[in-house]
Amino acid sequence: MAKDPVIDFDISKSLSMVFATPLVVHDWPDSEAFNADLSKLVLAREKEHAAKDVVRSNAGGWQSPGNLMKWQDPVIEAFRQRIEMLTGSLLKALVRDASSDRSFKLLIDAWANINRSGDYNVAHTHPNCMWSGCYYVSPGKPDPGVTWNGLIELFDPREAANYIQVSNTILDARTIIDNVPGRMLFWPSWIRHMVHPYIGEGERISIAFNVNVIEKDR
Ligand SMILES: [Fe+2]
């Protein structure tokens, strides 16, 4: 039988991905009590700050001021540890000289988001930051008949990516991620993203955050 020249060509040693865009989707285990505490705390804050005086990306909904990391509550300290663990591990995975002794200080700010039926977040980036992320506290009770109900979508930052018109490859440009309680997302702050409208009962609660990284002793 004739050899297939494509099958016999081993491209793996000749191929690399340049201009990579890291995306972390991490599900923290055993988060039920943690999420219940966060949910209680965020809903209480909303009541205290009933005036919708902070508007960032939200169309409707409530966003807290960006000082969530300073809220005096043990659950916030545990939340900080989760961000630090994830960011530290990612940096370790990304640096080229992982064997050297490098350490980083993280500057974190965060804010809570509550979306109720009809609320959404317009497409935006997080300017003046390095890394951004989101943690899902509660998906609410989204109407299952609504497409992408309350889900985040990240947009391909390469304007011309759709020049390659071969569908169902790793170059496909849309990334929509399920809203699972305990899930933490993390991406470079320059990735544009939006949250599709939430249609359903109750509240969709999430916490967004930014992380700037300062290398120590450099
Ligand atoms: Fe955002």
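**Strands, a helix and a shared core**

Val24 sits across from Phe186, a residue of strand 10. That pairing is a handy way into this predicted model, since strand 1 and strand 10 are joined in the antiparallel sense by four bridges. Phe186 turns up again a little further along: it is also the bridge partner of Gly133. Strand 6 and strand 10 run antiparallel too, with five bridges between them, and here Tyr135 stands opposite Met184 of strand 10. Strand 6 has another partner in strand 13, again antiparallel, with seven bridges joining the two. Tyr136 faces Ser206 of strand 13 in that pairing.

Stepping back for a moment, the chain as a whole contains two helices and 13 strands. Its C-alpha atoms fill a box of roughly 75 × 50 × 35 Å along the principal axes. Of the 218 residues, 22% are buried. Looking only at contacts between residues at least 6 apart in sequence, 87% link residues at least 24 apart.

Strand 6 is worth a closer look. Six of its eight residues are buried, so "mostly covered" is a fair description, going by the cut-off of 20 or more other C-beta atoms within 10 Å. Tyr136 lies in this strand and counts as buried because 24 C-beta neighbours fall inside 10 Å. Leaving out residues up to four places away in sequence, Tyr136 touches Asn179, Val180, Pro181, Gly182, Arg183 and Ser206. Ser57 is another story: 79 residues separate Ser57 from Tyr136 along the chain, and their C-alpha atoms are 17 Å apart. As for Val137, its contacts beyond four places in sequence are Asn35, Leu38, Ser39, Val42, Pro181, Ile205, Ser206 and Ile207.

Val137 also features in the largest nonpolar core, a group of 24 residues. Along with Val137, the residues with the most contacts inside this core are Val42, Tyr135, Phe186, Ile207 and Phe209. Several elements give two or more residues each to the core: helix 1 (32-48), helix 2 (74-94), strand 4 (104-115), strand 6 (131-138), strand 10 (183-188) and strand 13 (204-215). As background, nonpolar side chains in soluble globular proteins tend to be buried together.

Helix 2, one of the contributors to that core, has 21 residues. From first C-alpha to last, helix 2 reaches 31 Å, close to the 30 Å expected at 1.5 Å a residue. Its buried residues are Phe79, Ile83, Leu86 and Thr87. Viewed down the helix axis, the buried residues of helix 2 fall within an arc of 95 degrees, so they line one face. A bit of geometry helps here: an α-helix has 3.6 residues a turn, so residues three or four places apart point the same way. The buried residues of helix 2 pack against strand 1 (24-27), strand 4, strand 6, strand 10 and strand 13. On the other side of helix 2, Pro74, Glu77, Gln81, Ser89 and Lys92 are exposed.

A separate set of strands also deserves a mention. Five strands make an open sheet in the order 2-5-11-8-9, with antiparallel pairing. Strand 2 (58-59) and strand 9 (174-177) are the edge strands, each pairing on one side only. Within this sheet, strand 5 (residues 120-124) and strand 11 (residues 193-195) pair in the antiparallel sense over two bridges. Asn121 stands opposite Val195 of strand 11.

Finally, a couple of backbone oddities. Most residues other than glycine have a negative phi, and most peptide bonds are trans. Asp30 is not a glycine, yet has a positive phi of about 50 degrees. Asp30 is found in the loop between strand 1 and helix 1, and counts as exposed because 7 C-beta neighbours lie inside 10 Å. Trp148, also not a glycine, has a positive phi of about 55 degrees. This residue is located in the loop between strand 7 (141-142) and strand 8 (152-155). With 14 C-beta neighbours inside 10 Å, Trp148 counts as partly exposed.

Methods
Residues numbered from 1 in each chain as written. Predicted model: local features only at pLDDT ≥ 70, side-chain atom pairs only at ≥ 80, totals over all residues. Pairing = 2+ DSSP bridges. Core = buried A, V, L, I, M, F, W, Y, C linked by C-beta atoms within 7 Å. Buried ≥ 20, exposed ≤ 12 C-beta atoms within 10 Å, placed from the backbone. Contact = placed C-beta atoms within 7 Å. Expected span 1.5 Å × (residues − 1). Arc of directions from axis to C-beta.
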